[in-house]
Each structure stands twice: as C-alpha cells, then as structure tokens.
Amino acid sequence: MGYQVRFVNPQRAYGLLKDELDAAYHDCMAKGELIDRAHLADFEAELAEFVGVEHAVGVGSGYDALHLALRAAGVGPGCEVVVPAHTFVATCSAVVNAGATPVLADVGPDFNLSPAALAKAVTPRTRAVLPVHLNGYMADMAAIDAMAREHGLVVLEDACQSLGAAMDGRKAGAWGRAGCWSFYPFKILGGYGDGGAITTDDADLALWCRRMRYNGEDRATGEYHGHGFTCLLDNLQAAFLRVKLRHLPAWIARRRQIAARYQAGLAGLPGLSLPHYDDPRRDHVYQNYVVRHKAGEAFSQALRQAGVEVLTQFRKPYYQHAALNIPDTGFPETEALSREVTSLPLYPELTDAEVDHVIGAARAFCEAWA
Ligand SMILES: *Cc1c(COP(=O)(O)O)cnc(C)c1O
C-alpha cells in the first residue's frame, strides 16, 4: 500500500547528504582504496572517541561483532551466557554459534534485561552476560555491572541500537569488556549495506578481533594467529559512516525533538503507553519509538490503514520459533510487550507534519477504542 509516512526513508536522507556521501565514494574509487585502508582506520578512531574507549574494530555486521567479542572473551562450549528474552535473534544466535549455551532472562518494563531476572538466571556455569540496550535506551548497567562483578561474569554489551545513549554520563558500549555495534542501514548510524564494530578498552581483545576478522592474519607479518573469519568492515562503508558520524549528535537532538512531539501529542490516550521512562540517570536516543497498546495488532493495523508504515518488533519472540530449539521457560513481560508493541516512524528527516499525521491516526484509534 502507498504509505503517507514511511517507516524509513533512505532516499530522503541521501538527498540531504548527497554532496558529502558522493565525495566519500569518489575518494575511495579514485584512490582504489577498498580493504583495510585509511577510512576504516579513521572511522575506528572516531568511533572509539565518540564512545569514550581506546579501541574500535570494524567488522562485517552487528552479528559478527557479537560473535567475535564472545569468542575473544573466551566464551565457548560449556559456558552459559545470559541473554534477554526480548531482543533481535542475532544476540542469541551469536552465543549459540560461539558454541556456548544461551540462558534467557526476562526484561523489565524498559524492554531491557531485568537485573532481578539476571540474578535468577546465573548458575555456576555462567561465564558472561550480554545485556542489550534496546531502542536507544540503555539497560540498567549500574545494577548489571555490580551483579557481574559479584559473580565474576564477563559483560559484553549488545549496543547495536543505542549509539550515543548513556547512563550516569558513561556511554553505551563503554561499560562492559566490549561493546558491539551494528551499522545496518536503519540503525541510528547506518551504512549502505551491512557493517558493525567492536569497541573496547582491552588492547588484547581488540588485537584478537582485528586478526580474526581477517582470517586470523596479522597484516604486518603475514602470520596466522588462528582459524579466523572474513568479516572486515569495508573501507567504502567506513567512508560513508565517517560522514554520518559527524552528523550524529545533531540527528540525536532531532530524534529527541520528534519523541517530545509524540509524547505531547499522545500523552494520556486510552490503552496507550509511551516509551518515556523516569530514570534520570539514563537518557534516550530514540533509535525506535516503541509504544504499547492494549489492543495490540489492531492498533498497528489501524495506523497502516491510515497511511502510517509501522513495525511490530517482535510479535513472535525468537524463543518461540521451533527451529531455534530454545526452551520456553516462561517470560511474562516479554510475552506481554510482544503482543502490544508498535514502533512509530522516527528518523531525523521526518517532518513535523508527518509526525502530526501519525499522532492524528493514533489518537483517532485510541479515542474510538476507549
Ligand atoms: C541490528 C541488531 C543486531 C544485529 O546487527 P546486524 O548488523 O544486522 O548483524 C544485533 N542485536 C540487536 C539488538 C540489533 O538491533
């Protein structure tokens, strides 16, 4: 159907950045710089500085970042890793493909790993915890970090949705042994294809990932340091990402402005809960604006009928997909929110008039539903 408000709009974003992106493209093409070149090294330095850590290693995707970081931290067969029940499936698949056993824990009303559920999920075999900062809002890292110290667990952050978010002034990705990032086109910092990165203060971990992303090879000596992978962030993607990273602070400000407009326009509507939380230690960069409506799918459908393209992540939790072979031990909060979620369009290029159209459609449904 022809939507009046699209969920994403890469064409519009390109139109606004065309000169800068085209210059980045021509620079790579003219110099023939494709694999492991200056734009990659420069992007890594700029990303590390943005996150507030020493090292960044560009890889092929967010999944690759998670998979390599887990292996680099010594997670493998016999290890349990606590992951949230509500997340993108790649969080869990990275654990399985590293040879370890995922142990699921329920989330809280902030959609993120509940510290209380984590405490219950820890066993003598738990090696690591993989909190996810979903939608642009960090998990309660102060509590999770304290618990991990108490139990001697490695913390790896799935920060794929939260570049720029912080808790107590410390950025997402700067809390755990490593932070894992995705530059999938529709992430808050998106490339023009798949991409990802690992950020860390641990020089050994960074070096291991740097070698393993390139088949285990030390590029200076030619020595293979293990059986690795081919999952290097392309120099061309890095060149595009450098352009976009410069705009990120302004884009986050615009995202917050749009979120505030949604909040003002949607507050107090029957059956509707908004993603504005009351923890003053954590800010929100609004990668996604996920509302909950008691009517569930009927709310999402009504918006689509009104010309608003919405996403419903994730109506069916990943652990309910039979082929993944994950025991469903009951995750009531994940189940409740999975029924109720709808992500509204939110990206910096959205106009106020489009936001108001979304608000109008949501209001109409809620007022009729009451
Ligand atoms: C996008 C995402 C990933 C995976 O990133 P890819 O780049 O698509 O591999 C992992 N975890 C979360 C929470 C994500 O949002």
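**View A. The second largest pocket holds about 170 Å³ of space.** Like everything shown here, this close-up comes from a predicted model. Ten names to look for around the pocket: D145, A148, R149, L153, V154, V155, R170, W175, G176 and R177 make up the lining. Two elements, helix 6 (141-151) and strand 5 (154-158), each put in at least two of the lining residues. Helix 6 has the largest share, with 3 residues. Sorted by class, the lining of this second largest pocket comes to 5 nonpolar, 1 polar and 4 charged residues.

**View B. The largest pocket has a volume of about 840 Å³.** Its lining runs to 42 residues, and Y184, P185, F186, K187 and Q287 are the ones closest to the centre. Which elements give two or more residues to this lining? They are helix 1 (10-31), helix 3 (62-72), helix 4 (89-97) and helix 8 (235-266). As for chemistry, the lining of the largest pocket splits into 24 nonpolar, 12 polar and 6 charged residues.

**View C. The largest cavity encloses about 70 Å³ of space.** The structure has 2 cavities of 30 Å³ or more, and this view takes in the largest cavity, at about 70 Å³. Around the space sit H86, F111, L134, N135, Q161, N288, V290, Q313, F314 and S343. What sort of residues line the largest cavity, by class? The count is 4 nonpolar and 6 polar, with no charged residue in the lining.

**View D. The second largest cavity offers about 50 Å³ of space.** Here the lining consists of D110, F111, L134, N135, Y137, P275, Y277, H284, N288 and V290. Some of these names turn up in View C too: F111, L134, N135, N288 and V290 line the largest cavity and also line the second largest cavity. By class, the second largest cavity has 6 nonpolar, 3 polar and 1 charged residue in its lining.

**View E. Helix 9 crosses helix 11 at roughly 135°.** A quick reminder before the two helix close-ups: a packed pair of helices is described by the angle between the axes and the distance between them. For helix 9 (residues 297-305) and helix 11 (residues 352-369), the axes come within 9 Å. Angles over 145 degrees would count as roughly antiparallel, and the pair is therefore oblique. The crossing of helix 9 and helix 11 is right-handed. On the helix 9 side, A298, F299, A302 and L303 make the contact, and they meet V358, A361, A362, F365 and C366 of helix 11. This contact has 9 nonpolar residues, with no polar and no charged ones.

**View F. Helix 3 and helix 7 cross at roughly 125°.** Helix 3 also appears in View B, where it gives two or more residues to the lining of the largest pocket. In this close-up the partner is helix 7 (residues 203-212), and the axes of helix 3 and helix 7 come within 10 Å. Parallel, antiparallel, perpendicular or oblique: what is the arrangement of helix 3 and helix 7? Perpendicular pairs stop at 115 degrees, so helix 3 and helix 7 are oblique to each other. The crossing of helix 3 and helix 7 is right-handed. From helix 3 come L68, R71 and A72, and from helix 7 come L205, W208, C209 and M212. Divided by class, the residues of this contact are 6 nonpolar, no polar and 1 charged.

Notes. Residues are numbered from 1 along each chain as its sequence is written. This is a predicted model: local features need pLDDT of at least 70, side-chain atom pairs count only at pLDDT 80 or more; totals for chains, interfaces and linings use all residues. Side-chain values use heavy atoms; hydrogens and water are left out. Axes are lines fitted to C-alpha atoms, for helices over the stretch in contact, and angles run from 0 to 180 degrees between N-to-C directions. Helices (H or I, at least four residues) and strands (E, at least two) are DSSP runs, numbered from the N terminus. Angles under 35 degrees count as roughly parallel, over 145 as roughly antiparallel, 65 to 115 as roughly perpendicular and the rest as oblique. A crossing is left-handed if the near helix is turned anticlockwise from the far one by less than a right angle, and right-handed if clockwise. Contact means heavy atoms within 4.5 Å. Ala, Val, Leu, Ile, Met, Phe, Trp, Tyr, Cys and Pro count as nonpolar, Asp, Glu, Lys and Arg as charged, and the others, Gly among them, as polar. On a 1 Å grid over the protein atoms alone, a cavity is a set of points where a 1.4 Å probe fits but cannot get out, and a pocket is an open set with protein on both sides within 12 Å along at least five of seven lines; lining residues have an atom within 4 Å of a point. Grid points are joined across faces, edges and corners, and a volume is the space filled by probe spheres set on the points.
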